[in-house]
Amino acid sequence: METLAGGCHCGNLGLAVALTASAGDYVPRVCDCDFCCKHGASYVSDPDGRLEIKVRDPQLLGRYRQGSGAAEMLVCRDCGVLVGAVYREGDTLLGVANVRALDAGPTFAAAQPASPQRLGREEKVDRWKAVWFADVTIAAP
């Protein structure tokens with residue numbers, strides 16, 4: 001597995017992303033919703049990989065729901081960086097990482113546009129179940 005690190009600007013939210021292939025084999029998805037456009041977000045995930053979000057101060061972890069409200073956008077309340085998103089269904093937690101929150105170094109394939117707002121809520125959830133990280137932890141003190 002290739003492991004990548006990253007996080008928000010102030011260091012409150014850390015990312016550890018484990019991919020089952022090299023970064024160049026992944027095509028980040030650029031969401032065209034207003035929220036993601038304003039953050040310049042581009043997402044990567046691997047259903048067989050792993051995503052860990054480390055939180056130094058839980059009070060500064062912002063969880064923002066928009067659109068269908070199914071996913072939580074994870075934003076640092078201190079520096080404003082969007083690190084990714086998660087979707088919870090029962091005991092299952094799925095997630096996706098914002099490529100722009102990863103430290104410099106990995107070279108991904110050219111990003112492709114995505115338009116999830118054109119999908120219904122259930123269609124979004126089905127897609128997330130197929131392509132998002134299925135091994136996700138949010139570690140806070």
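Which residues is Asn 98 in contact with, leaving aside its neighbours within four places in sequence? I started there, keeping in mind that this is a predicted model. My list for Asn 98 reads Leu 15, Ala 41, Ser 42, Tyr 43, Leu 82, Val 83 and Gly 84. Asn 98 has its place in strand 9, and at 3% relative accessibility I count it as buried.

**Entry: the sheet with strand 1**

I traced an open sheet of 4 strands next, and its order came out as 1-2-5-11, with mixed pairing. Strand 1 and strand 11 (135-139) sit at the edges; each has a single partner strand, so one side of each has no neighbour in the sheet. On average, neighbouring strands here are turned by 10° against each other, direction ignored.

Then I zoomed in on strand 1 (residues 2-7) and strand 2, which run antiparallel and are joined by 6 bridges. Two of the facing residues I noted: Glu 2 stands opposite Leu 19 in strand 2, and Gly 6 stands opposite Leu 15 in strand 2. The two strands make a hairpin with 5 residues between them. In the turn I found Gly 11 with a positive phi of about 90°.

**Entry: nonpolar cores**

Leu 15 kept turning up, so I looked at the cores, because nonpolar side chains tend to be buried together in soluble globular proteins. The largest nonpolar core has 25 residues, and Leu 15, Val 17, Leu 51 and Phe 108 have the most contacts inside it. At least two residues of this core come from each of strand 2 (13-19), strand 5 (50-55), strand 7 (72-76), strand 8 (82-89) and strand 9 (92-98). Strand 2 gives the most, with 4 residues.

I picked Leu 51 for a contact list, not counting residues up to four places away in sequence. Leu 51 touches Leu 15, Ala 16, Val 17, Gly 95, Val 96, Ala 97, Phe 133, Asp 135, Val 136 and Thr 137. Apart from the largest core lies another, of 18 residues, and I spotted Cys 31, Ala 70, Leu 94 and Val 96 among them.

**Entry: helix 2**

Which residues of helix 2 are buried? In helix 2 (residues 121-131) I got Lys 124, Val 125 and Trp 128. They cover an arc of only 95° around the axis, so they lie on the same side of helix 2. That made me recall the textbook rule: an α-helix has 3.6 residues a turn, so residues three or four places apart point the same way. The buried residues of helix 2 pack against strand 8 and strand 9.

**Entry: cysteines**

How many disulfides does a search of the whole structure find? I got 0. I still checked a couple of cysteines one by one. Cys 37 is in no disulfide, and its nearest cysteine sulfur, that of Cys 33, is 6.4 Å away. Cys 37 is partly exposed, with a relative accessible area of 47%.

Why is there no bond from Cys 79 to Cys 8? The sulfur of Cys 79 is 3.8 Å from that of Cys 8, the closest cysteine sulfur, and this is too far for a bond, since my cut-off for a disulfide is within 2.5 Å. Cys 79 is also partly exposed, with a relative accessible area of 28%.

Key. Residues are numbered from 1 along each chain as its sequence is written. This is a predicted model: local features need pLDDT of at least 70, side-chain atom pairs count only at pLDDT 80 or more; totals for chains, interfaces and linings use all residues. Side-chain values use heavy atoms; hydrogens and water are left out. A nonpolar core is a set of buried Ala, Val, Leu, Ile, Met, Phe, Trp, Tyr and Cys residues joined through side-chain atoms within 4.5 Å. Buried means under 20% relative accessible area, exposed over 50%, partly exposed in between (1.4 Å probe, protein chains only). Contact means heavy atoms within 4.5 Å. The arc is that of the directions from the helix axis to the C-beta atoms. Two strands pair if DSSP finds at least two bridges between them. Axes are lines fitted to C-alpha atoms, for helices over the stretch in contact, and angles run from 0 to 180 degrees between N-to-C directions.
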